[in-house]
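This report introduces a structure to a reader who has not met it before. It moves from the whole chain to the strands and then to one helix.

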Amino acid sequence: MFTGIIEELGEITALIKGDKSMKLKVGCSKITQDLSLGDSVAVNGVCLTAVDFGSSFFEADISYETLAKTSLNNIKPGIKVNLERALTLSSRLGGHIVQGHVDCTGKIINITKYGDSYKLFISYPSQIDKYIVSKCSVAIDGISLTAADVKNNSFEVAVIPHTFENTNLKYKKNGDIVNLESDIIARYVEKMIYSDNKDEKLKSLILGFKR
């Protein structure tokens, strides 16, 4: 589990393509300081397992499922990626609960400088539309951000200068593909409401708030 607070910008230094899979090597220095084999690392919001590492790199395998569902399918050497180590019990939850299980990819429609900050407009597929509401948390390439102005399968996010300068957003351009993960709490609530063994009292309460 992660928080969506990016710790370091890494760089893809090598890719080895296999049969419906791929191994990547990421150049970095901060997150490897206390890394162990088998540890989870979020790479652009995708939870991967470190299978080898040194002081200035780590390697991870990418399965066919991850390649099919995320932007890592189009990753290339030289590309900057957002990195975050898995949450520990003593960590601060500075962003929101991020699993590293990407729902789908979205597309950057427009990036606009707004004073010292930035506005990003992102389109997304209809499959996650019910989870995207105004002021909800959403992970964009692993970055914990807040959706606003949700309409027509798109939303806006405001990005402060610190986040923009310390994540891969400063390298993004219009039309780029990003990984999206909706808030897991919304999905659990949906399951409780519509499961076969639903609690009618809970359903009435939640739907009452919705109305």
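The secondary structure of the protein chain comes to four helices and twelve strands, where helices (H or I, at least four residues) and strands (E, at least two) are DSSP runs numbered from the N terminus. With a radius of gyration of 18 Å, close to the 17 Å that the globule rule gives for 211 residues, the protein chain is as compact as a globular protein of that length; the radius is taken over C-alpha atoms, and the rule is 2.2 Å times the number of residues to the power 0.38.

This is a predicted model, in which local features need pLDDT of at least 70 and side-chain atom pairs count only at pLDDT 80 or more, while totals for chains, interfaces and linings use all residues. Residues are numbered from 1 along each chain as its sequence is written, and side-chain values use heavy atoms, with hydrogens and water left out.

Buried residues (under 20% relative accessible area, with exposed over 50% and partly exposed in between, for a 1.4 Å probe and protein chains only) make up 41% of the 211 residues in the protein chain.

UniProt, in an unreviewed entry, places the feature "repeat: Lumazine-binding" at residues 1–96 and 97–193; its positions are given in the numbering used here, feature names are shortened, and annotations may be inferred rather than shown by experiment. The two spans are set out below.

| Span | Helix | Strand | Distance between end C-alpha atoms |
|---|---|---|---|
| residues 1–96 | 6% | 43% | 10 Å |
| residues 97–193 | 15% | 44% | 21 Å |

A closed barrel of six strands runs S1-S2-S5-S4-S3-S6 with antiparallel pairing, two strands being paired if DSSP finds at least two bridges between them. Within this barrel, strand S2 (residues 22–27) and strand S5 (residues 57–62) pair in the antiparallel sense over six bridges, and Lys 23 has Asp 61 in S5 as its bridge partner.

Strand S3 (residues 40–43) is joined by four bridges to strand S4 (residues 46–54), the two running antiparallel, and S3 also pairs in the antiparallel sense with strand S6 (residues 80–85), over three bridges. Ala 42 stands opposite Cys 47 in S4 and opposite Glu 84 in S6. The hairpin of S3 and S4 has two residues between the strands, and in this hairpin Asn 44 takes a positive phi near 50 degrees.

In helix H3 (residues 184–194), the residues Ile 184, Arg 187 and Ile 193 are buried. At the start of H3, a side-chain oxygen of Asp 183 reaches to within 3.1 Å of the backbone nitrogen of Ile 185.

Methods
A polar contact is a pair of N or O atoms within 3.5 Å; within protein, one must be able to donate a hydrogen and the other to accept it, and residues adjacent in sequence count only if both atoms are side-chain atoms.
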